[in-house]
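Q: Please take a close look at a single part of the structure shown below. A connected account of that part and its surroundings, with the cut-offs behind each term, would be appreciated.

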Amino acid sequence: MNSASAPFTRSRSDRMLAGVIGGVARRFGWNANLLRLLYVIFSIASAAFPGIIVYLILWLLMPEEGS
């Protein structure tokens, strides 16, 4: 499947909490664990980037894979 045409969906198989980061990593063909680590570091390092709020919004807006 072409990654450009794949929709953003939460992963059912590659998840730590809700599958948001796993879904984004799968969409772009990136390593999910590395993306999780970068997301946490960026969220902690930047006071202007509310990582938890963004994650919760994505959890609510992204459909689950196969739904």
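A: The account below concerns helix α1 and its surroundings.

The model is predicted: local features require pLDDT of at least 70 and side-chain atom pairs count only at pLDDT 80 or more, whereas totals for chains, interfaces and linings use all residues. Residues are numbered from 1 along each chain as its sequence is written, and side-chain values use heavy atoms, with hydrogens and water left out.

Helix α1 spans residues 20–28; helices are DSSP runs of H or I with at least four residues, strands are runs of E with at least two, and both are numbered from the N terminus. Seven of the nine residues of α1 are buried, where buried means under 20% relative accessible area, exposed means over 50%, and partly exposed lies in between (1.4 Å probe, protein chains only). The buried residues are V20, I21, G22, G23, V24, A25 and R27, and their cover includes α2 and α3. Just after the helix, G29 adopts a positive phi of about 75°.

Two residues of the segment before α1 can be considered next. G19 belongs to this segment and is buried, because its relative accessible area is 2%. Beyond residues up to four places away in sequence, G19 touches R10, S11, D14 and Y55, contact meaning heavy atoms within 4.5 Å. T9 also precedes α1 and counts as buried because its relative accessibility is 12%. The T9 side chain forms a polar contact of 2.7 Å with the side chain of R26; such a contact is a pair of N or O atoms within 3.5 Å, in which, within protein, one must be able to donate a hydrogen and the other to accept it, and residues adjacent in sequence count only if both atoms are side-chain atoms. With neighbours within four places set aside, the contacts of T9 are G23, R26, M62, P63, E64 and E65.

On the side of α2 (32–45), R36 lies in that helix and counts as buried, because its relative accessibility is 13%. Apart from neighbours within four places, the contacts of R36 include I21 and G22, together with D14, R15 and M16.
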